[in-house]
Every structure is written in structure tokens, then in C-alpha cells.
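Q: Let's zoom in on one part of this assembly, the place where two of its chains meet. Take me through that interface slowly, please.

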Number of protein chains: 4
Amino acid sequence: MGIRVAVAGASGYAGGELLRLIAGHPEFDLVTATAHRQAGAPVTAVHPQLVGLDLVFAATDAATLADADLVFLALPHGESAALAAELPESVRVVDLGADHRLRDADAWSRYYGGPHAGAWTYGLPELPGQRSAIAGATRVANTGCYAVAITLALAPLIAAGAVSPADVVVVAASGTSGAGRAAKTHLLGSEVMGDLSPYKVGAHQHVPEIKQATGATGLSLTPVLAPMPRGILATVTAVPTGDADPRAVLAEAYADAPFVHLLPEGAWPHTAATAGANSCHLQATVDVDSGRVIVVSAIDNLGKGAAGQAVQNANLMLGLPETTGLPLFGVAP
Amino acid sequence: MGIRVAVAGASGYAGGELLRLIAGHPEFDLVTATAHRQAGAPVTAVHPQLVGLDLVFAATDAATLADADLVFLALPHGESAALAAELPESVRVVDLGADHRLRDADAWSRYYGGPHAGAWTYGLPELPGQRSAIAGATRVANTGCYAVAITLALAPLIAAGAVSPADVVVVAASGTSGAGRAAKTHLLGSEVMGDLSPYKVGAHQHVPEIKQATGATGLSLTPVLAPMPRGILATVTAVPTGDADPRAVLAEAYADAPFVHLLPEGAWPHTAATAGANSCHLQATVDVDSGRVIVVSAIDNLGKGAAGQAVQNANLMLGLPETTGLPLFGVAP
Amino acid sequence: MGIRVAVAGASGYAGGELLRLIAGHPEFDLVTATAHRQAGAPVTAVHPQLVGLDLVFAATDAATLADADLVFLALPHGESAALAAELPESVRVVDLGADHRLRDADAWSRYYGGPHAGAWTYGLPELPGQRSAIAGATRVANTGCYAVAITLALAPLIAAGAVSPADVVVVAASGTSGAGRAAKTHLLGSEVMGDLSPYKVGAHQHVPEIKQATGATGLSLTPVLAPMPRGILATVTAVPTGDADPRAVLAEAYADAPFVHLLPEGAWPHTAATAGANSCHLQATVDVDSGRVIVVSAIDNLGKGAAGQAVQNANLMLGLPETTGLPLFGVAP
Amino acid sequence: MGIRVAVAGASGYAGGELLRLIAGHPEFDLVTATAHRQAGAPVTAVHPQLVGLDLVFAATDAATLADADLVFLALPHGESAALAAELPESVRVVDLGADHRLRDADAWSRYYGGPHAGAWTYGLPELPGQRSAIAGATRVANTGCYAVAITLALAPLIAAGAVSPADVVVVAASGTSGAGRAAKTHLLGSEVMGDLSPYKVGAHQHVPEIKQATGATGLSLTPVLAPMPRGILATVTAVPTGDADPRAVLAEAYADAPFVHLLPEGAWPHTAATAGANSCHLQATVDVDSGRVIVVSAIDNLGKGAAGQAVQNANLMLGLPETTGLPLFGVAP
């Protein structure tokens, strides 16, 4: 008999990917999927890629969820905290929303609004010491999608003193699933195909999360919406403080990380290579003209950027091998 | 110790998907991947989605392959037969090429040219009696990508006498990976994005294969290249011979087929829902205006249309459960 | 001083394309663009491709429109008739909606519902005699997007007696802009990219229009949503009645049509080649296996399928050369 | 009788767009299109979007071209110089290749290799004084595609002293047509759809051109290949030197530029809005967290980034209004 798993907010894109991963996980039994507006509908009416999975959406309430051993919360930002507060401590909870990511209540209010719910253990296992912190936690705040792509590229360089934290410039493009499944005109296929466009320039809510996770003190983040369903490509540049080889720093940081790959020299990350997987691909160089360090990272925003990451955290929380049930390889082309 | 598996022609798209599936298969040990022009290169130089897989392409020769228990041939049409002839009978072989699909030597010559290599057991397990035929075979000819999508939609209706075999009209659109990985101008991203275009109209080499597999005697097939990497959507229309409900016929035919799903009434197949999976989604109706039966099927051309199908066949040949190591669910969105 | 032109319903995709064409038309002065919900907003807030056009959406009412010499109605189906009835006969009106296309009131009710507004002159100039009918009209019903693609492929063959009208099978795929600009989940970029899916199978409202325009008596139409913003590719098959060469029939039918091109033998239509233009590309063959005639046509659903067609009709109504202000060439790649 | 125009290298994507623009230009007569390998083929065999244009590719030689009044060279980098040297001074020449862009012979050798052909008048009319320089020239070096997007965003800010030239960080993504029409595996539709990937990181040949055109002294450029046929989105960040409002600087710089639009506050550029047009859309802000100025520009790489720009330059050289024959509005969606 496996670990009983529930997903709250399973009608969104991260929720659907969670269901796919949980259904294929050798230790998990998917017992409950909740959805506010879709309660009563078959899961496959919303997620046709899961045809064959015989499950009906339940309503989202704490009593239903409390019956599980492990709960993933994939709710809109600001909705997790109240629900989580009603779950018994014995239930392990991974929150894919932002409610419990930030330690700084002011930053929370500025970027998300509303009351700050407090911070949980931050669910990025590849940060130093974080694997064991997660293993000891019953509440984990999953990372933001941009945050994980950028933090994996940047954190080791700042930690090693190889780059200055004060002047980090990032342009990161995301596939459309990062913007969610709510029907909005600017996310229509007609609008996004053939189009690149920035949004929330200088105002993205992942900025304080990235600064908290990396130690960056000055961060310019320009998010871009890209014409593809999945994937984040983050280009991170920073000013080197000395002659440290950024590739060497990254290689050492991720020597034991099964999902983070520093590519061979000359190979640059492709988002398509991470589609459907829990992987992060990295490459780094020092720019000849500007002298800046450039690190590029690619992830699947629904994989390492959301659902894959959440399962990785749950594996650690439950004492399972980190890679259990998680795709190592992407679906490409 | 697992079954030792080799892939010949592993640098193409079907080859890459085979490597992904084999690497994740619980009973398979991937020991060899060969490639003509890429011999000596790391597999990940060609397939970045497999980063983490530590394997170098070998040259394609029989001696190397003969060392495996199971060989997948993913070679250009016309190249499998000579190589297969050199492999010992004890090695199980699944040929993803067309060389051994057709029983009719004339049809072979007309559509492919060159000498006919003879027919192997046809690798479509969902055809009546075919599961056991495959289970008893050491040589299996995997299906063509269009052929599997169209045959799954059509064969049960002809077999049941529900439609006439004499006037079948099919329009089937495929993602670009079906056209292979060779660099050709008309397959450039710049050419295919935003574009739909038919090709090989009335001249596609899968016509005789579909007729052989379904019993159709008159078949009009218009293939269309679609702006997506993966997926086939086949619209199959035929003239009903009586009042049989096409949905009932299909439901009965695939009651025990784990990968073929007749969708609930009102739901139509989406290719994206099959991406990365070995599934086939079907829906059928009788057209009000024309009285024709319309069946639509969706597959991933690299999944159920090629590599997934090949692994399914291999599972049967080896006495494994049919679904071993095969994704049931698609990667969407 | 030019012809004063107004567009009602200018916030949709056909409306936006109309504004682009009118703004570039040497004889037209764009004086009014109306939009129900966007009234008061700059046109460029909705249509950023028109940046530089200094115009604010007005509310949609007859008084505003009556001031123009020429009015294009690009309203949702069922909304044109009442508005048109309030416009003085001296104002020329082209209705891009369906309200005035069908002569058969029963067919209207069955496919659209509600009361039938009666039929106007049908706005497909390439039909025999239709150019002069349009030239003499003050009210013209523009064609449906699928209808124009299919009718141009089929009508001459039926008219010439080259194919039977009784068994026409069509599969036609459209880019997403054909589904409009209203925010709907199934039209999100995340849903449509990488996906092909049929819809309204055997139930599309263009069926009676196509039958009326071509004389087809039995018509199976399967519409497919394709992952591209613009374009329709229609594959039309029919049973030949004799040995007539379908290419010869089409060549003669369109010898004097500046926008309809029968491609050289061996070249098949590409939707991308018609993007932004008012062109229709055709090719035809007789299928070797089935004996069916196959005609494939490509148009831009917003060009010859909507706005371009509408301007062509308006040119004829006003006695201008048919091609005035209309792009002959597509924007590709 | 119009100006006789020839295009050398007309089989590529920039060449095809030139043909489209020239064919629609009221003062130009398209007399010659040359192509090395396609000589003798109809233009429409390569560019189906131009069906209706009755022209056959000639071989590329100076004698053929010398007969025209105006010659556009759309040849691979390094091939223009020798050909241009053979054309009489009376023929006006716009070179879309890189051969005559750089004044610095060392930079040329470093980024392009081979002998430096010397610099022509730089064809970016929106730079101060450049309109009149172009008007007086018979030889104009058209801008690089990335260079025009980045220079229009950056040059006024450096010129006004509003930002430091020493630390400019740019990430710019381009559609695939920017990589040309030669058949290469990494440009296949299967590879690029769903994918973002950087290339030539810190090594792109437009770096010296941008530095020359803007005065930047330290420039980090990360080019990214994006899954769309056309469009460049450049995100340019720089360190402000004082309190100058970057929007005010840009507004003043382009007050009289018909093709460059600073968008209203809050609206950010979309590449799709520039498709098929000669426009550049700009927006700027000061990033709250980092204090950096962020300017984003969008162009069509084949429009303002190549063919449109070339026609704009030719208009100026010939004393025609700058906008003659050039699309002001994009084709969207």
C-alpha cells in the first residue's frame, strides 16, 4: 500500500502535471484531486492527456485533503495559507503557490498584497544544506518557476564570491503555461503564436524570492512571454569579482545533483530538451566584450519549475530517493 | 540483469525516442546505439533531451548489434533488410523501417522501389489475433506512422462490415518529426511554422500498408504537414453499410487494449494529449449531412506511431506485460 | 476626398484586418471604427499592429455608421441584421457576419438559430455572374471563411459536371483567428500550440452555405483547429463523373480572377503563402488509388476568408478595380 | 516609367521580402532577381507567397545588375564587395550584407574574417544626421537585424548622456528567418518549435556594429533563437547617469521618425505587431530594484531589420518620401 496523495487545485496546468507524475510514481497512490469550479467533472474532461485515469474532481476542502498522507497545493497565490492551516501536522504539504516562500513580510505585501502567511522551508534541494532541511520538514514551499531557473544559475556564483550580488541582469522567457489556464485574451493562441513580448518589467513577484534565495542585492528581471507551451530560458549576467571560472563553480555546486546538468563546453541549453522532465540545463561563459559572466539555464516551467520540483521535495520529505518517479529525460523534439 | 537492447539508427527522431523509452524501461538495459554519420559522438550531442545518458554512438554493423538480446532497427527505408539478414535468429528484431511491412512485392516496388525483402509479422497488436502472432515472433515489422493512426480508426469498422471498404477517404496531418531529421529546406522552422501544406497526394507509401492492414479496397489519402513537432490527426470517412453504431464497434474492438481509448461522446481527439505517450485517442460519429461515418484518431507519431509501438511489440515478443515501461499519459500542455 | 468608410465590430480579428486594409486603401478614408465593449479606447490598445493609426473606438450604433458611404459589419453572427436595417439604402453595406448569407430560412434556423433575416447578394465574386451582381448591389453578404476556401475548390467542378455533387468529403483546417478574439480556455496558446483537433464534426454552420454556393447535395465537412494564427487549408474530394481534367476546369474558371491561382503541376498550396493577402491557391489531381478528384485550396481566413474578400466586394460595389488596395502577395515566411 | 530595380541574392528570406516590397512599390519596376543556385527557376518556385509574379531567377553577375537604376544586394556576408565593385557608380546600391558596415578593419576581420572592403554610408536613417547622409549617397550599407533593434533602443540614450556606454547588457531573441534559408538540422521545424536556445553568446558579429552605431563601449549581447518565423525582441539595459526620463529621450529622438513608435506608458512591444511592416516599437522604464534603464524594442527582422530598411534607404537615396511603398502596419494576429 502506497503513500496516499492528494492534489488541491488540480485543474490548472501545474495540477495536471502533478497528476501525471503522481500517477506514474511507484510509491504514490493518487487518491484525491480537487478543483473549485470543476468539482464533479472527470479529471480527463479538463486534462485529456490523462485519458485512462479514472478520477473525478472533488471540491477543495480541508476535510477531504486531510485524509491523505501527502498533499500538494496548486492553488492561486494567496489561497494556500488558509487551507494549509486546517491540515493536521501529520499530513505532509508541498505548496506550489507563493504564500509561504518569502521570509520578508514587507516584500510579500509589496509584490502579492494581503497578509503574510509566514515562511516554510524553501523547496529548492540544490541549495546548500537545503536537502536535509527539506527532509526534516512537513511543510515545504515550492519554488517559483522563474526563481528556480535563475537561482540555479546564479546562487553558486554569488555564494562562491565569483560574481558581485549587486548588479545582476536577467532576461527570462517563459512558455505560456506559466501564465496559467484561466481564459485571458492576451494568452489566446492567436495572440501568442509568432509573438514575443515582455511583461511585468521591473515588477515581477519572483524578484524578492530570487534575491532571498541567491543573495543578490540588485536584480533587474525582464520576463518575456514566448510562443511555446512550456519552458523557461533564463539569461543571467553578473559582474565577476575575480578570475574564477564560472563553469568550475557550477560543476562543483551540482556534482551530486541528479537533475541539474552543466552542459559540455560549447553546448547551450535548449528549453525543448527539458520538456516533461525535472531537469535543469546550464551553461556559462565570460563575455569577451563586456567581461560579464553569462549563465543560461533552461527548465520546464511545469517540471523543475513546478510539479517535478514538488515531487522531488515530497520524495525528500518522505525519505525516498530524490529521483523516484521523476523523468530524467525530456520529450523532444 | 536485464534484457540487453541495441538501437540501430539512433540519431534520428524515432531513434531518440526509442533511447528515451528504453532508458526508462524497467527490464531493458540499453547497451548500444548506432549511427552511421555520428559514430563516435556522444548520444547527447544529437539528443540534448537525453543529457545524463552516458553513451557514445557506435557504427552500424551487424557484429555490434548481434551482441544484444533485442535490436530495434530505426534505419531509412530500404536499409533494414540487409542488416537484419546478418543478425542471428536468436536476437529479437523490431524493424521500424518499411522493409518488412508489405506482403505484396509489387506494391513494395511501386511505392518504395528496389527488391522486396519479404514480410515479417505485422506489429500492430490491436489487430485481431495479432497480439499472439507478435508474441510468437522473433522478427516484427513495426507499423508506419500514418498506417497505425488510420488502421486503428478503420480496421474494426471494415472487419465488422459496418462500412464499405471500397470508398475510404482520409486526410491525415502530421507533425514535422514524421519527416525525419535530415536537413531539408522545406522542413525548416521558417517554412513550417504558420503553414499547412499537403504532400504526396495520392502517392503516399503508407497506402498499400493501410489497405493490407484494414482490408480497404479504395483509399484516398491526403497527407498534410502541420506546424507542430509531433502528432498525427487522421480524419477517416467511409460509407456505412447499415445502421451499426461506429462507436459501439470501436468500443468492442478496443475493450482490452490498454493504449487505445475511445473518448466519451462529444469529446474529440487532440494530438497534444498523446504527446510522449503510446496512446491512441479515437472518436466517431455519423455525419448528418452526408451520412458518412467519420472517425478521428490522434497519436504521437513518435510514440504509438513509431518508438512506443516498437517497445510495445518488443514487450509482447519477450513475454512482458504489454504496457511495461510505456507512458500511458501524454505531456500536455 | 475619398470614400468615407466605417467598420462596426472593429475590435475582433476580422475587424482589425479590415482596419489595416482600409487604412492602406488609396480610395478609402477610414472615419469610424466601432466596438461594443471597447468604446472609448484607442484602436491601438486592442490592435497594437496598427500603432500610428490615430483613432478611438466609437460605440456601435446606426446613427454613427449612417454617416459613412460604406459600412463593413464585422459583428457576431445574429447581430448584423437589426443594425443593417437601420442604415439608409444609400450607404453601401458589406456584412462579414452570417446573417444574410443563406437563402434557406430552415437551414438558417437549424445552424444559427433565431429568425432568418433574408439573403443578400452573395459576396463571392469568382462565382459565375456574381461579379456583376455584386457591382449592382448595395447590400452584400460576405462569405464564410471555410465556405470561400471550399467553394473556390469545388464550385467549378460541379458546375462543369466534372464531379458528382452527391458525395463530397472535405477536411478543412483553420488557424485560431477563425475562432475569434473572445477569451476561451480551449483557444489559449497553451492549448493550441502543438495540437490538432477537430470540432463541430458534421455540424458546422458553413455546410448549408457551401451547399448553396456549390450545388453540392451531400457534403461531409470536418473542421480542424490548427496551431497557427491564420490560414485555412481545405482538402476537397469528390467522385469524378467522367474523364474531365480537374486542373483544366479550374484553370478555365479562374482565368480572369486576379486573386485565385491554380498552382503549376506538382506544387501544392501552402497556407503561409497566402498570409496577409487576398489570394487563394489551388491544386488538383485525380487520386490513383481511389479515383477521386482531390482539390486543395489555401487562403488566409482573415484575408480572402473575411476582410480581404469584403474589400474586394466593396471595390466592385463602388465601381473600383477589383484589386484596389488589396495585397496580391503573402507575407512569408 | 519607374525606377528599374534589381535584387541580387533574391532566393533567400530577405530577398523574398525585398521582392514583395518592390512589387508593391509605386515607383519601382522590378526588372531582375538573381540567385546563384536557382538561376533559371521561376521566382515563385522558391517564394510561393509571390504567386502571380511572373519572373525567372537570373544568374548573379554584374552585367545583368548594371542595367538597373537601383540594386539591392542580399548576398551572404563576404560576397557583396566584389560584386559591388563591378557596378557603375551611377547605379545606386543598397547592400543588405555586412561587407560595408564596419569602419574598423580589425573588428571586421575578427568577426567576419577575410579582407575588409571598407565602409559605406550606414543605412540607419533614424540616427542623427543620417537621413541626409543617406540621401547624398549612392552606396549604402544596410543595418544588421539585431543592430537596428538594439541601436534604435540605445543610441539616443547614450547620445543624450542619459546612460553609461560602458555597461550595456542586451538579450535579444530572433525568429528563425534571421538564420537564413539554408537547410541546417538545428533550424528544422522539429528542432525550433517549442524551443528557446541562445547561440553565439558573447561572439555575435553584430557586436562591433552596435558599438559603432551607438557609442557603447562595453556590450554584452546574448542572442536567442525563438520559435517563430519573424521578429526580434531586444531587451536593452544600461546604467543611468542621472535622472533623465528614458521615455522623454526616446520620444524626442523619434518625434519625426515615421517608422519608430514609442508606445504609450504601460504598453510593451510585441514582435507580432511589427510582422510584415517596417516599424519599430519601443518602450522604456527604470527598473525599481536595480535602478537600471530597461528599453525593449520589437521589429520584424525581415522588415525594419532587413528588406524594409533597405527600401527606406533607397527611397531616401532617390529623393522619394521615406515611407513610399512601405507598410506602416503589421499583419497580426
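A: D167(B) and R292(C) join their side chains in a salt bridge, with N and O 3.1 Å apart; the term asks for a side-chain nitrogen of Lys or Arg within 4 Å of a carboxyl oxygen of Asp or Glu. This is a predicted model, so local features need pLDDT of at least 70 and side-chain atom pairs count only at pLDDT 80 or more, while totals for chains, interfaces and linings use all residues. Side-chain values use heavy atoms, with hydrogens and water left out, residues are numbered from 1 along each chain as its sequence is written, and chains are lettered from A and ligands numbered from 1 in the order in which they are written.

Between chain C and chain B the salt bridge count comes to four. Polar contacts add 20 residue pairs across that interface, both partners at pLDDT 80 or more (N or O atoms within 3.5 Å, one able to donate a hydrogen and the other to accept it, with sequence neighbours counted only if both atoms are side-chain atoms).

As for who supplies the chain C side, strand 7 (168–174), strand 8 (197–198), helix 9 (206–214), strand 9 (219–225), strand 10 (232–238) and strand 13 (293–299) each put in at least two residues. Strand 9 of chain C has the largest share, with four residues. (Helices are DSSP runs of H or I, at least four residues, and strands are runs of E, at least two, numbered from the N terminus.)

Stepping back, 41 residues of chain C are in contact with 41 of chain B, contact being heavy atoms within 4.5 Å. Together the two chains bury about 3,300 Å², 61% of it from carbon and sulfur atoms; that is accessible area lost on being put together, with a 1.4 Å probe, summed over both parts.

The matching counts come with a matching geometry. A turn of 180° with a shift of 0.0 Å along the axis lays chain C on chain B at an RMSD of 0.0 Å (least squares on C-alpha atoms with pLDDT of at least 70 in both copies). That makes the relation a two-fold axis. Both copies use the same surface, and 100% of chain C's contact residues recur in chain B.

Now set that beside where chain B meets chain A. There, 25 residues from each chain take part, burying about 2,200 Å², 72% on carbon and sulfur atoms. On chain B, the biggest losses of area to chain A fall on Q49(B), F329(B) and P333(B), together 33% of what that side buries. The rule finds zero salt bridges across this interface, but eight residue pairs in polar contact.
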